[in-house]
Amino acid sequence: MTVSQKQTVEIVKVLYRGADILILDEPTAVLTPQETDKLFAVMRNMKKDGKALVIITHKLHEVMDVSDRVAVLRKGEYIGDVATKDTDPQKLTDMMVGRAVTLNIDRPKADKIAKRIDVQHLTVKDKDGVNRLTDVSFTAFGGEILGIAGISGSGQKQLLEAIAGLQSAESGSHIVYEDADGQQHELLGKNPLDITKLGVALSFVPEDRLGMGLVGNMDLTDNMLLRSYLNGRGIFADRKTPRELAEKVVEELEVVTPGVTTPIRKLSGGNVQKVLVGREIAMNPTVLMSAYAVRGLDINTSYTIYNLMTDQKMKGVAVIYVGEDLDVLLELCDRILVLCGGQVSGIVDGRSTTKEEVGLMMTQLQNKEVRA
């Protein structure tokens with residue numbers, strides 16, 4: 001079954017049991033626009049039948065579309081509630097953050113575009129021998145943000161991990177990095193350390209922030225040190241530079257922590273994400289890959305991250321951004337690669353495509369619907 005069909009079954013199940021109150025927590029996180037419309041239609045019918053619905057979401061356009069009243073929380077405190085008809089996304093954002101926030105994502109064009117990553121016929125199988133990616137080909141350029149759209153589990157994780165040297169691929173697959181001098185380097189078959197020794201400055205914000213990105217029992221300084229411990233002299237690691245970087249990330253991204261000696265596992269999910277994103281961007285990459293970089297972040301920090309991504313693009317970095325919010329992908333990205341069932345459904349221009357077009361490509365491939 002599709003994710004939306006499973007969602008509908010869950011709703012039918014609670015209604016069958018006689019529930020008068022339905023609470024939905026981020027129900028549209030992995031839904032296409034078409035599936036979201038169907039879910040909202042079900043919710044509106046439930047409201048007509050006298051049911052009470054509470055929807056928790058970070059997508060303000062959904063709040064405006066489906067709700068009658070909005071309650072705002074900030075750092076665990078109740079700020080207030082307003083009638084939806086009497087507010088707008090800007091007013092809600094100001095309540096959420098506590099000050100005026102600009103809700104615009106700039107998308108300037110870089111002066112110079114250069115080929116950085118060329119993926120050809122990439123096929124990846126999982127441990128059961130099932131294809132997670134099938135014959136994927138595309139090019140990522142320095143000076144652009146390439147968005148990756150797709151229903152959750154469509155191969156986004158395997159794609160980024162293959163480029164990062166964390167995932168093996170089938171014979172005939174190629175991932176080639178082209179440096180500023182035009183020299184090409186095959187990345188497949190090399191681990192992350194080998195890729196670094198080639199002179200490839202590659203930063204990666206993985207989907208699993210504590211499983212792959214950071215070490216929970218280590219503090220902020222030591223987690224920064226993970227990316228620079230080879231820079232020390234002899235057997236001694238340089239701890240001064242990582243500590244300064246940790247303090248800079250805490251200040252600039254407003255990380256809520258008692259200090260840089262606090263174990264990462266004691267921070268909230270959103271603050272853990274800030275530390276990871278801040279560390280990877282601080283590595284001065286030529287290729288920056290990110291999977292769900294703003295998951296768990298408040299709207300103010302999310303827009304800070306979007307601006308950091310754009311800053312990297314304007315410096316000539318090739319940014320590959322996997323996101324779940326199609327509105328953000330369409331505002332932020334120069335091009336969007338759409339994955340459907342592990343295959344490329346198409347690559348579209350972020351400036352001219354529509355949410356509905358991308359949503360359709362996420363669920364259909366070669367005129368055949370793909371179940372995900």
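These are questions and answers about a predicted model.

Me: Why is threonine 262 called buried?
Reply: Buried means under 20% relative accessible area. Threonine 262 has 11% relative accessibility, so the residue counts as buried.

Me: Where is threonine 262 found?
Reply: Threonine 262 is in the loop between helix 9 (240-252) and helix 10 (269-281).

Me: What makes the pair of threonine 262 and glycine 259 a polar contact?
Reply: A polar contact needs a pair of N or O atoms within 3.5 Å, one able to donate a hydrogen and the other to accept it. The side chain of threonine 262 reaches the backbone oxygen of glycine 259 at 3.1 Å. The value of 3.1 Å therefore meets the cut-off of 3.5 Å.

Me: Which residues does threonine 262 touch, not counting those up to four places away in sequence?
Reply: They are Met218, Asp219, Leu220 and Thr257.

Me: How do you know that strand 3 and strand 4 pair?
Reply: Pairing takes at least two bridges. Strand 3 (residues 69-74) and strand 4 (residues 77-83) are joined by 6 bridges, so they count as paired. The two strands run antiparallel, and leucine 73 stands opposite tyrosine 78 in strand 4.

Me: What phi does lysine 75 take in the hairpin of strand 3 and strand 4?
Reply: Lysine 75 takes a positive phi near 50°, in a hairpin with 2 residues between the strands.

Me: What makes helix 5 mostly covered?
Reply: In helix 5 (residues 156-163), 7 of the 8 residues are buried. Among them are Leu159, Leu160 and Ile163. Just after helix 5, glycine 165 takes a positive phi of about 85°.

Technical notes. Residues are numbered from 1 along each chain as its sequence is written. This is a predicted model: local features need pLDDT of at least 70, side-chain atom pairs count only at pLDDT 80 or more; totals for chains, interfaces and linings use all residues. Side-chain values use heavy atoms; hydrogens and water are left out. Buried means under 20% relative accessible area, exposed over 50%, partly exposed in between (1.4 Å probe, protein chains only). Helices (H or I, at least four residues) and strands (E, at least two) are DSSP runs, numbered from the N terminus. Contact means heavy atoms within 4.5 Å.
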